[in-house]
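Reader: Hello! Could you walk me through this one, please?

Author: Gladly; have a look, and then ask away.

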Amino acid sequence: MKKVFLFGLLATLTMLPLFGCGNAYENGEVYVYNWGEYIDPDVIEMFEKDCKIKVIYDEYETNEMMYPKVEAGAVEYDVVCPSDYMIKKMIDNDMLAELNWANIPESKNIGAQYFETSEEFDPGNKYSVPYCWGTVGILYNKSMVDEPITKWEQLWDPKYKNQILMQNSVRDAFMVALKLNGYSMNSTNIDELQTAKKSLLEQKPLVQAYVVDQVRDKMIGNEAAIGVIYSGEAIYTQRENDNLVYVIPEEGTNVWIDSWVILKNSKNKENAEKFINYMCKPEIALKNFDFITYSTPNDAARALIEDEDIRNSEIAFPDLSKYNNLETYVYLGEDGDELYNSLWKEVKSE
Amino acid sequence: MKNKFFKWLSLPYIIWSVGFIIIPLIMVFYFGLTNKNGSFTFSNITSIALPVHFKSLLIALLLSLISTIICLLLSYPLAMILSNMKSGNNKLMILVFVLPMWMNFLLRTLAWQTLLENEGVINTIFRFVHLPALKIINTPYAIVFGMIYNFLPFMVLPIYNVLCKIDKNLLNAARDLGANEVQTFLKVTLPLSVPGIISGITMVFIPALTTFVISDLLGGSKILLIGNVIEQEFTLNSNWHLGSGLSIVLMLFIVISMIISVIFDKDGEGSAL
């Protein structure tokens with residue numbers, strides 16, 4: 001009798017989730033592939049609850065790591081959040097699906113100028129919805145340097161030996177070196193790139209480490225004096241360590257947009273559009289902004305920011321018209337990619 | 001009847017090895033011997049001679065060799081101490097050594113990053129007691145340290161196993177015949193433990209040679225080992241052909257070290273008789 005009871009209990013327990021969740025996600029699922037720590041986890045739960053769609057969520061560290069995985073199609077992702085030049089590459093390789101803007105009405109909250117910038121990599125705004133944007137700059141610890149840092153050139157100053165954190169991603173690393181030498185960050189001129197490579201090699205003995213997401217924690221922990229970082233991390237790191245200062249270097253830098261796109265082989269396109277639409281809602285965009293502190297292109301959300309200092313922050317929302325040497329990354333084609341990658345490998349292996 | 005049943009028992013392993021060993025190996029060879037257009041080429045394999053790749057292979061060989069030797073020097077006395085302990089005590093000691101392996105390898109290495117950092121736990125303590133700071137993070141020393149830490153148990157356990165199996169009567173006989181402690185060790189214990197040493201060396205050397213996580217986390221991505229080159233070909237440059245070609249070269253080294261271990265194992269057994 002006891003056995004029968006136990007068996008019954010076991011059977012009920014195993015069946016329970018079937019009944020429970022079967023109703024919760026009646027609208028199916030959506031596979032999302034996003035940058036690490038690039039969304040408020042609560043937002044995913046809220047979306048699941050509101051839209052009754054299960055979110056399967058994965059993260060990547062760089063555009064270059066995301067691309068081969070999506071290309072190989074091991075997991076059939078629906079929504080991905082690449083940067084500008086990578087979106088161009090994906091469009092060129094016919095990997096993206098055209099959006100049905102009627103299903104994304106909340107995109108009206110995104111500022112018009114961001115769609116204008118998007119035209120550079122997504123002509124006609126067919127494929128992408130801006131999610132975050134920002135600049136690449138220098139974060140430095142004012143208690144560890146004796147002068148304000150304002151230029152990339154100072155990252156080559158021997159007195160900061162072992163105090164410099166460089167970005168471990170090929171485009172960002174070369175951007176710094178190309179700008180230092182006064183070239184375009186989209187250069188494919190072999191002489192210019194060789195000069196940039198030489199600069200990177202000269203800098204290598206001074207560099208403490210090449211890192212991506214770890215810059216943030218290392219800078220907060222006083223591990224290094226100077227780091228190359230995305231502007232979105234500046235507000236967060238300053239909150240944790242008030243000695244940190246973010247600057248846009250004088251030589252100019254990269255301004256980027258990360259946008260939601262839907263993959264061509266997506267099996268849940270409607271759900272994917274619902275997901276993107278949900279992300280464009282002002283209160284959701286605000287919640288994400290509070291959590292990840294990356295500048296939101298969502299004007300309605302920006303208007304909702306209560307703290308005036310942040311709403312008008314020069315770091316989060318710089319007035320780009322003040323700078324004349326900012327550039328967006330352009331997709332360089334397969335040959336260009338290969339050239340950059342092989343030069344970067346030479347820098348790293350030296 | 002019984003035989004047939006046992007045959008069926010091996011089925012899951014056959015499926016496993018075909019699906020996860022043989023097919024992937026075939027794919028590695030296919031990618032390694034073709035180029036992007038799918039035509040046959042050796043260029044992926046010969047590209048190991050390029051200075052970029054060759055240098056990373058040399059550094060990987062050097063660092064893994066150093067850590068294997070240090071592991072051996074640390075493990076042998078330890079294994080001897082453990083094998084001479086009373087059975088209750090040594091079980092506890094073995095547990096102490098195996099315990100960290102229950103934790104994820106990545107987490108343990110990440111923990112060492114925080115411990116070794118310039119402003120990390122160890123240096124904070126050092127500074128507190130006015131010792132000079134330990135500056136090894138992001139250097140080859142930290143990579144070697146990480147390799148030794150992670151792979152030490154793989155050296156200790158096989159040597160310990162072999163030492164435990166040595167018949168104590170052999171040692172007594174050696175003493176009876178007038179050998180002193182050193183002679184007994186050199187003429188009896190050491191030759192008998194060669195199979196354990198060799199399998200320990202293979203189990204440390206191969207994972208150390210192929211690692212890319214340790215060099216990334218503890219070396220600050222400043223030192224490129226051959227494992228890092230291969231990993232980056234797959235994850236960053238999406239050049240699976242070159243990655244596979246270099247993997248084949250690395251496989252060659254693994255096969256060589258396995259052949260060596262087979263040869264020595266025979267010798268070990270020979271001297272045991």
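Reader: Into which domains is chain A divided?

Author: Bear in mind that this is a predicted model. Each domain of chain A is assembled from two stretches of sequence, and the division is into domain 1 (23-131 + 257-319) and domain 2 (134-255 + 323-349).

Reader: How far apart do the C-alpha centres of domain 1 and domain 2 of chain A lie?

Author: The two domains touch, with 20 residues from domain 1 of chain A and 24 residues from domain 2 of chain A taking part in the contact. Their C-alpha centres lie apart by 26 Å.

Reader: Which three residues supply the most of the area that domain 1 of chain A buries against domain 2?

Author: Between these domains of chain A, about 2000 Å² is buried, and carbon and sulfur atoms give 58% of that area. On the side of domain 1, three residues supply 30% of what it buries against domain 2, more than any other three: Y85(A), T293(A) and I315(A).

Reader: Now to the cavities. Where does the largest cavity lie relative to the two domains of chain A, and why?

Author: The structure holds 4 cavities of 30 Å³ or more, and the largest has a volume of about 370 Å³. Its lining takes residues from both domain 1 and domain 2 of chain A, so the cavity lies between them.

Reader: Which residues that line the largest cavity are the closest to its centre?

Author: Several elements of chain A each supply at least two residues of this lining, among them helix 3 (63-72), helix 8 (214-220) and strand 9 (255-262). By class, the lining has 10 nonpolar, 7 polar and 10 charged residues. Of the 27 lining residues, the closest to the centre of the largest cavity are W35(A), E61(A), D213(A), Y230(A) and Y294(A).

Reader: How many charged residues are in the lining of the second largest cavity?

Author: This cavity has a volume of about 100 Å³, and of the 15 residues that line it, those closest to its centre are Y131(A), M279(A), A285(A), T296(A) and P297(A). The lining divides into 12 nonpolar and 3 polar residues, and the number of charged ones is none.

Reader: Which helix of chain A gives the most to the lining of the second largest cavity?

Author: Strand 4 (129-141) and helix 11 (282-292) of chain A each supply at least two residues of this lining. With 4 residues, the element that gives the most is helix 11.

Reader: Let's turn to chain B. How many helices and strands does its secondary structure come to?

Author: Read along the sequence, the pattern of chain B is α-α-α-α-α-α-α-α-α-α-α-α-α-α. Its C-alpha atoms fill a box of roughly 70 × 70 × 35 Å along the principal axes. The count for chain B comes to 14 helices and 0 strands.

Reader: Which three residues supply the most of the area that chain B buries against chain A?

Author: The contact joins 25 residues of chain B to 24 residues of chain A. About 2100 Å² is buried between the chains, with carbon and sulfur atoms giving 46%. Of the part that chain B buries, 26% is supplied by three residues, more than by any other three: V52(B), K222(B) and L236(B).

Reader: Over which residues of chain B is the pLDDT below 50?

Author: The mean pLDDT of chain B is 90, and 96% of its residues reach 70 or more. Where pLDDT is low, though, predicted coordinates should not be read in detail. In chain B, the stretch with pLDDT below 50 has 4 contacts in the model beyond near neighbours in sequence, and covers residues 268-273.

Key: Residues numbered from 1 in each chain as written. Chains lettered and ligands numbered in written order. Predicted model: local features only at pLDDT ≥ 70, side-chain atom pairs only at ≥ 80, totals over all residues. Heavy atoms only, no water. 1 Å grid on protein atoms, 1.4 Å probe; cavity = no way out; pocket = protein on both sides within 12 Å on 5 of 7 lines; lining within 4 Å. Points joined across faces, edges and corners; volume = space filled by probe spheres on them. Nonpolar A, V, L, I, M, F, W, Y, C, P; charged D, E, K, R; others polar. Domains from an automatic or database assignment. pLDDT = per-residue confidence, 0-100. Contact = heavy atoms within 4.5 Å. Buried area = accessible area lost by both parts, 1.4 Å probe.
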